[in-house]
Amino acid sequence: QVQLVESGGGLVQAGGSLRLSCAASGRTFSGADMGWFRQAPGKEREFVARISPGGGYTYYAASVKGRFTISRDNAKNTVYLQMNSLKPEDTAVYYCAAEAQTRTVYNYWGQGTQVTVSS
């Protein structure tokens, strides 16, 4: 059974940093694009970042570009999201996704991890 498990969320002050991890099990995703999404209370889920299988190509939402960095370790079947200069508007549940079909359609999703940024 395929599982994606996020970790690393928490409460941080504005301007701080967090590093999210997403560990995949059940199969390898070394040949697939992986991504991060987030959903704030009362809002729709939105794209945050995406990374190609080898890590050579990355894509970011305009709202996080320059502050967030997506990376992956295929040997560990894990994808990361380094979040710096966090803002209160980054507060959301962050979801890991694997095997992109389109920009927003992925075959597998994690359960999410809460990130709260206080002002």
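Colleague: Which residues does Tyr94 touch, leaving out residues up to four places away in sequence?

Modeller: This is a predicted model, by the way. In it, Tyr94 touches Glu6, Leu20, Trp36, Phe37, Arg38, Val48, Phe68, Leu81, Met83, Gly112, Thr113 and Val115.

Colleague: Ok, and which residues touch the most other members of the largest nonpolar core?

Modeller: Tyr94 again, along with Trp36, Leu81 and Met83. That core has 33 residues. As a general point, nonpolar side chains in soluble globular proteins tend to be buried together.

Colleague: Which elements give two or more residues to this core?

Modeller: Those are β3, β4, β5 (46–51), β7, β8, β9 and β11 (113–118). The largest share comes from β9, with 6 residues.

Colleague: Let's look at β8. How many of its residues are buried?

Modeller: 5 of the 6 residues of β8 are buried, so β8 is largely enclosed by the rest of the structure.

Colleague: And what does β8 pair with?

Modeller: β3 pairs with β8 in the antiparallel sense, over 6 bridges. β7 also pairs with β8 in the antiparallel sense, again over 6 bridges. If you want residues to click on, Leu18 stands opposite Met83 in β8, and Thr69 stands opposite Gln82 in β8.

Colleague: How many residues sit between β7 and β8 in their hairpin?

Modeller: There are 4 residues between them. Have a look at Asn77 in the turn, which has a positive phi of about 55 degrees.

Colleague: New topic: disulfides. How many does the structure hold?

Modeller: Just 1 disulfide. Cys22 and Cys96 form it, with their sulfur atoms 2.1 Å apart. In general terms, a disulfide is a covalent bond between the sulfur atoms of two cysteines.

Colleague: Where are Cys22 and Cys96 in the chain?

Modeller: Cys22 is in strand β3 and Cys96 is in strand β9, so the pair links distant parts of the chain, 74 residues apart.

Colleague: Are Cys22 and Cys96 buried or exposed? And is their link left-handed or right-handed?

Modeller: Both Cys22 and Cys96 are buried. Their link is left-handed, with -75 degrees about the S-S bond.

Colleague: Now the charged residues. How many salt bridges does a search of the whole structure find?

Modeller: The search finds 5 salt bridges. One of them is between the side chains of Arg27 and Glu99, at 2.8 Å from N to O. This pair links distant parts of the chain, 72 residues apart: Arg27 is in the loop between β3 (18–25) and β4 (34–39), while Glu99 is in strand β9 (residues 92–100).

Colleague: Why does Glu99 count as buried?

Modeller: Its relative accessibility is 18%, and buried means under 20%, so Glu99 makes the cut. Arg27 is partly exposed, with a relative accessible area of 31%.

Colleague: What does Arg38 form a salt bridge with?

Modeller: With Glu46, and their closest N and O atoms are 2.6 Å apart. Arg38 counts as buried at 6% relative accessibility, whereas Glu46 is partly exposed, with a relative accessible area of 35%.

Colleague: Which residues are linked with Arg38 and Glu46 in a network of salt bridges?

Modeller: Arg67 and Asp90. The side chains of Asp90 and Arg67 meet in a salt bridge too, at 2.7 Å from N to O. Asp90 lies in the loop between β8 (78–83) and β9, and Arg67 in the loop between β6 (58–60) and β7 (68–73), so this pair ties together parts that are 23 residues apart in sequence.

Colleague: Are Asp90 and Arg67 buried or exposed?

Modeller: Asp90 is buried, and Arg67 is buried as well.

Technical notes:
Residues are numbered from 1 along each chain as its sequence is written. This is a predicted model: local features need pLDDT of at least 70, side-chain atom pairs count only at pLDDT 80 or more; totals for chains, interfaces and linings use all residues. Side-chain values use heavy atoms; hydrogens and water are left out. A salt bridge is a side-chain nitrogen of Lys or Arg within 4 Å of a carboxyl oxygen of Asp or Glu. Buried means under 20% relative accessible area, exposed over 50%, partly exposed in between (1.4 Å probe, protein chains only). A nonpolar core is a set of buried Ala, Val, Leu, Ile, Met, Phe, Trp, Tyr and Cys residues joined through side-chain atoms within 4.5 Å. Contact means heavy atoms within 4.5 Å. Two strands pair if DSSP finds at least two bridges between them. A disulfide is a pair of cysteine sulfur atoms within 2.5 Å.
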